[in-house]
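Work through the two exercises below with the structure open. Each task is followed by a solution in steps.

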Amino acid sequence: MQLVLEKRAERSTKIAILSPLLAIALTLVTMSILFAILGKNPIAALYVYFVEPLTDSFTLMEIAVKATPLVMIAVGLSLCYLANVWNIGAEGQFIMGAVCGSYLAVVTNGTGAGPWVLPAMLVMGAAGGALWAMIPALCKVRYGANEILTSLMLVYVADLIMDYLVRGPWRDPKGMNFPTTASFDPVATVPTLFETGRLHWGAIVALIVVALAAVMLGRTIKGFEIRVVGAAPRAARFAGFSSDRLVLFTFAVSGALAGLAGIIEVAGPVGVLQPGISPGYGFTAIIVAFLGRLNPVGILIAGLFLALTFIGGEGAQISMKIPLDLTKVFQGILLFYVLACDSLILYRIRLIATPKKAIHGTA
Amino acid sequence: MKKLMMTVAAAALAIAATGSSASAAEKLKVGFIYLGPIGDLGWTYRHEVGRQEMVKELGDKIETTYLENVNEGPDSERSIEQLARTGHQLIFTTSFGYMDPTLKVAKKYPKIMFEHATGFKSAPNMGTYSGKFYEGRYIQGVIAGKMSKKGVLGYIGSFPIPEVISGINATILGAQTVNPDIKIKIIWVNTWFDPGKEADAAKALIDQGADIIMQHTDSPAAVQVAAQRGVLAFGQDSDMIKFGPKIQLTSIIDNWGPYYTRQAKAMLDGAWKAGDTWDGLKEKMVVMAPYTNMPDDVKALAEKTEAAIVAGTLHPFKCPVLGQDGKPVECKGGAALDAGQILGMNFYVKGVDDKIPGK
């Protein structure tokens, strides 16, 4: 007897819906085993991870703060991935958005500029991200360069540009040579939603982005075009859809969203431009996009869920002394199971009798 | 395998038992925010050792928590507030970049006491603490001046902040006392912890002719490179002798344990006050690792220098201190530069043939 993976005749829609749930269930089981090995009560640990953060307004707000950039970036990435365009460089677009938007904050710092600063920063942030994303898009369309490599490499370029600016021309003159700009003025800061807590208007922007993307994908020709080009490029060509134009479009949109997320993060919770503004949001968003099944609403849920694991993981470090590494293990296991379970959409597991040939072979 | 798992489980239980048992109400909860992983073997590792020493000293009177790898960007404010919200009454934030977030949270929680390492902002419930690391640098400079055959020191800098600049200056001032023509090459890696970059910088410095390697970053990577290349080096933050048993001359060890113990005790006695602690070799917040891999006369000279600093008869920044242009800088502290001048140092002394980045 042996286990084989057998290709299904068609995609299993039932599994497509069940797969993320199955992945989460398997992750929980695996985590419970790990908690038990560490000598922690698995039920208590899972409670701290997944329930406790939901019982308190502070942690709820922090989950939303953490999810905001993830969701915005992931929605943009999902458009790329649906169209079979592989933008891996959202991290760089996030940084360039932050840099371009921050330019205004830096030059108007202390000048008493009016309330036009923040809206202008947001526009420049989105434009910066989009322009940065145009580089790999144009290289792909014009020269056939692999966008996975070019977009990824540009992450490091963006990082170094930011590094140069905050260490040199934009450095806070009173900052003791620390690589950071001066704190942004109130007119250059994203306002918070409530008196207490750090929840800011960026979260609302993220919700709007999700809604717009859902409408576009479900109700417009452009959304149809994206899905057709991704699923059946030949059919798309017959329909008169240009895949080149779509590469430019999806890169521009995802770059703009990543850039917008970048400037909102910098002008919101951080308040200055400095290295380390992103603990890898652009990469984590890739997990969010796939965990959300490349669907805007799914991404919203996935982003909140992943944010929950960050906040819950921190809570677990504090109240149960569970090491940070376990939170990272947890996120890795989750992605692993998501991908593994997804293979069941196209394949099924079958137990079959060992063919005779194999016996001859081993004898 | 089963046995291994049981051992792991037992160890984890033991840690859990010492770390967090019941009756939290009477215990003082002390929290720590760490920049790197506790296994960086440098800066964060030494804070972790300090925490463990405090736990050992005060036993079940306290309960401690740490959060590691907390980035200085968007996460730090939340992490600090998480500790404040979960009953921690004394919170140590152990990197410069936590200064503003710590201040923000401190203002929000006036009944919780905060201690921020290496910064300059404070509040009635937020004190600061740091070590006079430049004292150790000066001794290293004396040793390096004696031991360098080519007269070229290689220095790996993190960020050109006053603490690092004063370390470079103290090094060259110490070295000049034994070799007036000593030269120093500096590479900035713009990170506190990136073993890959630190190792590359060490290689580049050695290739450029430096025959002594020193670093102001947090991992032992530079010492490892020096050991492979057979070049003498200094450890940093902790004793890194096991990474270069044949090449480490000494190391500046950050010794936070006694301070943490003292501050937690003050909390227990209700005597805590926001202070501005800046201790050095004398108070043993800065400790030198054993002087190794050097001839006896150099060792004796190093010990003599250390003793003089401890006794207060030698100040690394005794006036006159000459700027790069050869003119003496203003001497605000009488016989030596004052604390403000050292904590805000933003100039190189004569003998450093380089420019502070971005200046």
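**Exercise 1: a helix in chain A**

Just after H3(A), Asn84(A) takes a positive phi of about 65°. The model is predicted: local features need pLDDT of at least 70, side-chain atom pairs count only at pLDDT 80 or more, and totals for chains, interfaces and linings use all residues. Residues are numbered from 1 along each chain as its sequence is written, and chains are lettered from A and ligands numbered from 1 in the order in which they are written.

Task: compare the expected span of helix H3 of chain A with the distance between its end C-alpha atoms.

Solution.
1. Helices are DSSP runs of H or I with at least four residues, numbered from the N terminus; H3 of chain A covers residues 57-82, 26 residues.
2. The expected span is 1.5 Å times one less than the number of residues, so H3 of chain A should span 38 Å.
3. The end C-alpha atoms of H3 of chain A are 35 Å apart, which agrees.
4. At Ala67(A), shortly before Pro69(A), H3(A) has a kink of about 35° (the angle between axes fitted to the seven residues ending there and the seven starting there).

**Exercise 2: two domains of chain B**

Task: describe how domain 1 of chain B meets domain 2 of chain B.

Solution.
1. An automatic or database assignment sets the bounds: domain 1 of chain B is 24-131 + 256-279, and domain 2 is 133-255 + 285-311.
2. Their centres, taken over C-alpha atoms, are 29 Å apart.
3. Contact (C-beta atoms, placed from the backbone, within 7 Å) joins 17 residues of domain 1 of chain B to 15 residues of domain 2 of chain B.
4. On the domain 1 side, H2(B) gives the most, with 4 residues.

Terms used
Helices (H or I, at least four residues) and strands (E, at least two) are DSSP runs, numbered from the N terminus.
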